[in-house]
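Reader: I'm new to this one and would like to know how its descriptions are justified. Could you walk me through it?

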Amino acid sequence: MENNKTYRLVIAGFGGMGSYHGQLVEQAGGIAVHGVYDPIEYRMELARSRGFQTYDSFEAVLEDSEVDIVLIATPNDVHKELSIRALQAGKHVICEKPVTIESAELTEIMQAAKQANRVFTVHQNRRWDEDFLIVKDLFDKKKVGDIFHLESRVQGANGIPGDWRQLKAYGGGMLLDWGVHLLDQLLLLTDSQIHSVHAELSYILGTEVDDGFTATIKFKDGLTAVIEVGTTNFVKLPRWYVKGTEGTAVIRDWDLSGEIVTRNREVEHVEPKPIQAGKGLTKTMAPPSEESTLRAAIERVEDLSDSFYDNFVAVLEGTSTTAVPNSEVHRVLTLIETIFESAASESVIVKEF
Ligand code: NAD
């Protein structure tokens, strides 16, 4: 990408994700890691071993006039405070997801960004995931007809990872952790408003925060979605299950294995044959006849042309708008709040947004 300068970015929080950002920045053009700040000394040593200069305090980062961008990859509870301080010090800010624990906190950050005339965006990186882009393509090209139901899941058997993710005060829990990604993807698939939300959180592991959840979301246009995150699943259900008026698609896992089965409109319909099912016979539940259906493997789609960082640099250069608008992130947080509300009240929340 051609641009006028190399923007200097400091990583605040050099844990798992902060150090990964180091690699992401290196792969992009027009931007470079200028330094790292983390309150834990061994994280700073790690940063130095990768050739990054380190700062003694967050204040020192803000005082360095050479720093253009602060990337915040700390536990969730301090995202708001660090973001606002960095914006007020004249820095552009990229914040990790979930941007904040409540939507009102994001509103405060957005106001601070406006006042400081600086760019603020959230690293909702799963907008770039190929499995999601394949489902988006199914929607856009109506490859299984009009989609009326989808299920999107991530499931593991390893419990809630780490330490702070198990604690409420740090914004822990799987709804905020993984839910934010799946809900962000869902809201990009349809232009429709949400009609209602029903959800349950799970506490199988005995932690003070949810170790998973299931949410059923109905949209005004009739689309229904089941979104599920689990950390106690030794056998997992498919990553995506999508039903349309002309067929069904399944993507089983991150390896993009799966299939699309559609009605064959080119031939005369052939009734399925009854099958033995348990101790009985059924035609209703028999698979559709081979003659009347088309089967295809999941087709790969192209990556989005700009990476997250390419887009961010283009925004700073004034040649693009942000790939993750704050208004969309705000709507995801409102949905998360509605899911918490439904789970706590054990009821369907009917609310248009
Ligand atoms: P982590 O525990 O591995 O690292 C967090 C780091 O932040 C630690 O090194 C800690 O010392 C440091 N820290 C704590 N308070 C700080 C402060 N006030 N200032 C500077 N640094 C501070 O956690 P992680 O897994 O790297 O998660 C960090 C953030 O990244 C979270 O918000 C998480 O949700 C997000 N994350 C995003 C993705 C993604 O795919 N987008 C993946 C993993 C994590």
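Author: Sure, let's take the ligand and then the sheet. Keep in mind that this is a predicted model.

Reader: What makes Asp-38 a polar contact of the ligand?

Author: The cut-off is a pair of N or O atoms within 3.5 Å. A polar side-chain atom of Asp-38 lies 2.6 Å from an oxygen atom of the ligand, so the pair counts as a polar contact. Asn-125 gets there too, with an N or O atom of its side chain 2.8 Å from a nitrogen atom of the ligand. For Trp-164, the figure is 2.9 Å, to a ligand oxygen atom. As for cover, the ligand has 850 Å² of accessible area on its own, and the protein covers 83% of that.

Reader: Which residues are the closest to the ligand?

Author: Met-17, Asp-38, Asn-76, Lys-97 and Asn-125, out of 25 that surround the ligand. By type, the shell splits into 10 nonpolar, 9 polar and 6 charged residues.

Reader: Why is the ligand said to lie between domain 1 and domain 2?

Author: Because domain 1 (7-123) and domain 2 (127-257 + 298-304 + 334-350) both give residues to the shell around the ligand.

Reader: And the sheet: what makes β15 and β16 its edges?

Author: The order is β15-β12-β11-β10-β6-β9-β8-β7-β16, with mixed pairing. β15 (293-297) and β16 (349-350) each have a single partner strand, so one side of each has no neighbour in the sheet.

Reader: How do you know that β6 and β10 pair?

Author: Pairing takes at least two bridges. β6 and β10 are joined by 5 and run antiparallel, so they pair. One bridge links Ser-152 with Trp-240 in β10.

How values were computed
Residues are numbered from 1 along each chain as its sequence is written. This is a predicted model: local features need pLDDT of at least 70, side-chain atom pairs count only at pLDDT 80 or more; totals for chains, interfaces and linings use all residues. Side-chain values use heavy atoms; hydrogens and water are left out. A residue is near a molecule or strand if one of its heavy atoms lies within 4 Å of it. A polar contact is a pair of N or O atoms within 3.5 Å; within protein, one must be able to donate a hydrogen and the other to accept it, and residues adjacent in sequence count only if both atoms are side-chain atoms. Accessible areas come from the Shrake-Rupley method with a 1.4 Å probe; for residues, only the protein chains shown count as cover. Ala, Val, Leu, Ile, Met, Phe, Trp, Tyr, Cys and Pro count as nonpolar, Asp, Glu, Lys and Arg as charged, and the others, Gly among them, as polar. Domain bounds come from an automatic or database domain assignment. Helices (H or I, at least four residues) and strands (E, at least two) are DSSP runs, numbered from the N terminus.
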